[in-house]
Amino acid sequence: MIDKVIESRRSVYQQQYTNERVDDAIVKRILSNANWAPTHKLTEPWRFVVFTGDGLKKLATFQAELYKRVTTADGTFKEDRFQNLLTKPMLSSHIIAVCMKRDEKKSVPEIEEIGAVFCAIENMYLTATAYGVGCYLSTGGVTYFAEAKEFFGLGNEDRLIGFFNLGMSRIELPKGKRKPIEDKVVWVS
Ligand SMILES: Cc1cc2nc3c(=O)[nH]c(=O)nc-3n(C[C@H](O)[C@H](O)[C@H](O)COP(=O)(O)O)c2cc1C
């Protein structure tokens, strides 16, 4: 039942994964369900780069080195952040870099393209939940570094949205916390 999948969906973090690899067939289902997100004018702005196996090390090295270069230049470098970026990706089975690619005609406002990609991300979260796979979206690290775009095949107008981590969960999904929907809705009838 869809209500149960939506309500039971939780973010499951790297430290909560076993070292078992998620079946690529499930990752492909996650991606193909992402592709069914709503999209104004059918621009389909979502793009994905999937890192797994040695690919995770490539991602880790890239992001740690970029972090070091940018933050050494502006004086905000922190060694523990650097070590985190260098080692944490290998705790995930797969990391999917989620990107927004602007269409050439800029048919719809940017906010709608970002919105469409977040709809795709929710499809990913729900698919992983339905298949019993742990996941969460991270917007840390180099997500908002302009210098990161090229590595993911993005141009200036495009955006890196975040990193969708996947792993086999070794925890029971905790009960979620939300304030009541009634506090957030006005009905006009
Ligand atoms: C846009 C967005 C960005 C997020 N970025 C991070 C992040 O950088 N690090 C993190 O630990 N969790 C991140 N999360 C996951 C949230 O922390 C998580 O959704 C929230 O705590 C609610 O928990 P739940 O997903 O289990 O319901 C992000 C979620 C969203 C929607």
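**Serine 11 and the loop after helix 1**

I looked up serine 11 and found a relative accessibility of 23%, so I entered serine 11 as partly exposed (buried means under 20% relative accessible area, exposed over 50%, and partly exposed in between, with a 1.4 Å probe and protein chains only). Since this is a predicted model, local features need pLDDT of at least 70 and side-chain atom pairs count only at pLDDT 80 or more, while totals for chains, interfaces and linings use all residues. I number residues from 1 along each chain as its sequence is written, and the side-chain values use heavy atoms, with hydrogens and water left out.

Serine 11 sits in the loop between helix 1 and helix 2; helices (H or I, at least four residues) and strands (E, at least two) are DSSP runs, numbered from the N terminus. When I set aside neighbours within four places in sequence, I found serine 11 in contact with Gln16, Tyr125, Cys135 and Tyr136, where contact means heavy atoms within 4.5 Å. I also noted the C-alpha separation of serine 11 from valine 185, which is 25 Å for residues 174 apart along the chain.

I then turned to glutamine 15, which is likewise in the loop between helix 1 and helix 2, and which I entered as partly exposed because its relative accessible area is 44%. Leaving aside its neighbours within four places in sequence, I found glutamine 15 in contact with Lys88 and Arg170. The C-alpha atoms of glutamine 15 and glutamate 104 are separated by 40 Å, with these positions 89 residues apart along the chain.

**Aromatic pairs**

I found ten aromatic pairs in the structure; rings of Phe, Tyr and Trp (its six-membered ring) pair if their centres lie within 6.5 Å, and planes under 30 degrees apart count as stacked, over 60 as edge-to-face and the rest as tilted. For tyrosine 13 and tyrosine 136 I noted ring centres 4.5 Å apart and planes at 55°, so this pair is tilted. Tyrosine 13 lies in the loop between helix 1 (2–8) and helix 2 (24–34), whereas tyrosine 136 lies in strand 3 (residues 134–138), so the pair ties together parts 123 residues apart in sequence. I entered tyrosine 13 as partly exposed at 37% relative accessibility, and tyrosine 136 as buried at 10%.

The pair of phenylalanine 51 and phenylalanine 152 is edge-to-face, and I noted 6.1 Å from centre to centre and 85° between the planes. Phenylalanine 51 belongs to strand 1 (residues 46–52) and phenylalanine 152 to the loop between strand 3 and strand 4 (159–167), so this pair ties together parts that are 101 residues apart in sequence. I entered phenylalanine 51 as buried, with a relative accessible area of 7%, and phenylalanine 152 as buried at 6% relative accessibility. Following the ring pairs, I found that they link Phe51, Phe62, Phe151, Phe152 and Phe163 into a cluster.

**Helix packing**

I looked up helix 3 (residues 54–74) and helix 4 (residues 79–87), which pack at an angle of about 160° with their axes 7 Å apart; axes are lines fitted to C-alpha atoms, for helices over the stretch in contact, and angles run from 0 to 180 degrees between N-to-C directions. Helix 3 and helix 4 are therefore roughly antiparallel to each other (under 35 degrees counts as roughly parallel, over 145 as roughly antiparallel, 65 to 115 as roughly perpendicular and the rest as oblique). In listing the residues that meet, I found Ala60, Thr61, Gln63, Ala64, Glu65, Tyr67 and Lys68 on helix 3, and Arg81, Phe82, Leu85 and Leu86 on helix 4. By class, I entered six nonpolar, two polar and three charged residues in the contact of helix 3 with helix 4; Ala, Val, Leu, Ile, Met, Phe, Trp, Tyr, Cys and Pro count as nonpolar, Asp, Glu, Lys and Arg as charged, and the others, Gly among them, as polar.

For helix 2 and helix 5 I noted a packing angle of about 145°, with the axes 8 Å apart. The contact is formed by Arg29, Ile30, Asn33 and Ala34 of helix 2 with Ala120, Asn123, Met124, Thr127 and Ala128 of helix 5.

**Positive phi**

I found a positive phi of about 50° at leucine 42, although this residue is not a glycine. Leucine 42 is in the loop between helix 2 and strand 1, and I entered it as exposed, with a relative accessible area of 63%.
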